[in-house]
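Please open the model in a viewer and keep the selection tool at hand. The stops below proceed from the interior outwards to individual elements and residues.

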Amino acid sequence: MASNKRKTMADKADRHELYQAAVQNPDFELDFIDETFEELTGRAAHSMREDFCGTAISSTSWVTRRDANTAIAVDIDPEVLAWAEEHNVAALTADQRSRLEIVRADVREVKTEKLDVIQAYNFSYWFFQERSIMLDYFRRVRESLVDDGLLFLDVFGGSECYQTQKEKRKLDGFKYIWEQAEFNAITNELKCHIHFHFPDKSKMKKAFSYTWRVWGARELREILAEAGFSEAIVYRQKFDPKTDEALDEYIATDDAEDYACWLGYIVARP
Ligand SMILES: C[S@@+](CC[C@H](N)C(=O)[O-])C[C@H]1O[C@@H](n2cnc3c(N)ncnc32)[C@H](O)[C@@H]1O
């Protein structure tokens with residue numbers, strides 16, 4: 001066995017910790033949920049289900065936010081749920097823990113009480129490539145929301161999602177690489193990987209891999225309508241008009257120029 005001294009930074013790194021640091025921003029995402037929910041319903045949200053929860057960081061942050069908040073975090077993978085328990089759930093107080101349920105299940109089959117908010121973030125619902133499966137998932141979500149509940153999805157678009165490319169970002173102690181490795185221009189199937197590179201030149205290649213269908217906002221809205229949602233609002237990332245730089249601000253609009261890459265949310269109400 002290699003001694004700890006000979007281990008590289010990649011050997012010693014924890015892929016879930018790196019993922020959380022590089023990809024997730026629960027405070028920003030929950031602020032968006034809180035503000036949008038209040039604006040659209042006139043009240044505060046309390047119960048939330050986090051579909052495709054991974055490390056459940058959003059759910060653990062949610063129960064920490066307000067004493068009345070409850071969360072159900074759903075994922076199919078026992079490995080990531082064990083990590084969630086050991087790292088994120090373990091950091092909660094007993095009271096916060098009592099308001100959180102971790103459920104190992106397929107989101108297409110899970111049965112839960114009716115909730116104020118269901119969120120499916122980081123494009124995980126794009127694992128569903130068949131329209132009929134997406135429709136069935138949205139129908140089940142619709143049935144699991146209270147009358148004034150809201151579904152929050154994220155979405156991206158623009159010409160760059162239909163091509164292979166690599167995007168690198170330097171973070172504290174490592175580099176994050178997002179690779180769109182293969183795109184099928186007929187089926188819209190996109191194969192992507194997340195790699196991490198370290199200052200000692202070691203690499204964690206394909207730390208995470210996903211095969212998604214690139215869905216368009218318009219088609220998703222059509223499927224949401226078919227699933228019984230009365231409205232699906234697209235919130236598009238704003239861009240600095242002078243520099244074209246993407247801003248951390250999202251506006252409800254159907255106006256979109258020919259952006260090379262835009263990020264957004266779809267918020268759907270029953
Ligand atoms: C990209 S991670 C998303 C993590 C987190 N939601 C985020 O915003 O970063 C995708 C997660 O979806 C889970 N997953 C994939 N298919 C699923 C399904 N049918 N039901 C439940 N979880 C699923 C995987 O196990 C994985 O943890």
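**The largest nonpolar core**

Begin by selecting Tyr125, Trp126, Phe138, Leu151 and Phe196: in this predicted model, these residues have the most contacts inside the largest nonpolar core, which has 58 residues. Domain 1 (4-12 + 159-211) and domain 2 (17-158 + 213-269) both contribute residues to this core, so it lies between them. In soluble globular proteins, nonpolar side chains tend to be buried together.

Now centre the view on Phe138. Leaving aside neighbours within four places in sequence, Phe138 is in contact with Tyr125, Leu151, Leu153, Leu220, Ile223, Leu224, Ala227 and Phe229. Another core, of 28 residues, lies apart from the largest one; Leu40, Ala45, Ala84 and Tyr250 are among its members.

**The two domains**

Colour residues 4-12 and 159-211 as domain 1, and residues 17-158 and 213-269 as domain 2, following the domain assignment of the chain. Taken over C-alpha atoms, the centres of domain 1 and domain 2 are separated by 23 Å. Where they meet, 20 residues of domain 1 are in contact with 16 residues of domain 2.

**The sheet of eight strands**

Next, switch to a cartoon view and follow the order S3-S2-S1-S4-S5-S12-S10-S11: these eight strands form an open sheet with mixed pairing. Which strands stand at the edges? They are S3 (100-104) and S11 (246-252); each has a single partner strand, so one side of each is left without a neighbour in the sheet. On average, and with direction ignored, neighbouring strands of this sheet are turned by 20° against each other.

Within this sheet, select residues 47-51 and 115-120. These are strands S1 and S4, which run parallel and are joined by four bridges. Arg49 can be found opposite Ile118 in S4.

**Helix H3 on the sheet**

Keep the sheet visible and add residues 26-41, which form helix H3. Helix H3 packs on the sheet, where it touches S1, S4, S5 (145-157), S10 (231-239), S11 and S12 (262-269). The direction of H3 makes about 130° with that of S5.

Helix H3 has 16 residues and reaches 22 Å from its first C-alpha to its last, close to the 22 Å expected at 1.5 Å a residue. Show the side chains of Pro26, Glu29, Leu30, Phe32, Ile33, Asp34, Thr36, Phe37 and Leu40, which are the buried residues of H3. Just after the helix, Gly42 has a positive phi of about 80°.

**Ser58 in helix H4**

Select Ser58, which belongs to helix H4 (residues 57-65). Is Ser58 buried or exposed? Its relative accessible area is 1%, so Ser58 is buried, the limit for that class being under 20%. Not counting residues up to four places away in sequence, Ser58 touches Pro26, Leu30, Met48, Glu50 and Gln119.

**Asp75 in strand S2**

Move on to Asp75, in strand S2 (residues 70-75). With 11% relative accessibility, Asp75 counts as buried. Its contacts, leaving aside neighbours within four places in sequence, are Phe52, Cys53, Gly54, Val80, Leu81, Val103, Arg104 and Ala105. Although Asp75 and Val103 are 28 residues apart along the chain, 6.6 Å separate their C-alpha atoms.

**The sheet of four strands**

Turn finally to the strands in the order S6-S7-S8-S9, which form an open sheet with antiparallel pairing. Strand S6 (165-171) and S9 stand at the edges; each has a single partner strand, so one side of each lacks a neighbour in the sheet. Neighbouring strands here are turned by 15° against each other on average, direction ignored.

Strand S6 runs antiparallel to strand S7 (residues 174-183), to which seven bridges join it. To view one pair, select Glu167, which stands opposite Trp178 in S7. Then add residues 15-23, helix H2, which packs on the sheet and touches S6, S7, S8 and S9. The direction of H2 makes about 65° with that of S9.

For the last stop, select residues 189-197 and 203-213: these are strands S8 and S9, antiparallel and joined by eight bridges. Cys192 has Tyr210 in S9 as its bridge partner. The two strands S8 and S9 form a hairpin with five residues between them, and Lys201 in the turn has a positive phi of about 75°.

Terms used
Residues are numbered from 1 along each chain as its sequence is written. This is a predicted model: local features need pLDDT of at least 70, side-chain atom pairs count only at pLDDT 80 or more; totals for chains, interfaces and linings use all residues. Side-chain values use heavy atoms; hydrogens and water are left out. Two strands pair if DSSP finds at least two bridges between them. Axes are lines fitted to C-alpha atoms, for helices over the stretch in contact, and angles run from 0 to 180 degrees between N-to-C directions. Contact means heavy atoms within 4.5 Å. A nonpolar core is a set of buried Ala, Val, Leu, Ile, Met, Phe, Trp, Tyr and Cys residues joined through side-chain atoms within 4.5 Å. Buried means under 20% relative accessible area, exposed over 50%, partly exposed in between (1.4 Å probe, protein chains only). Domain bounds come from an automatic or database domain assignment. The expected span of a helix is 1.5 Å times one less than its number of residues.
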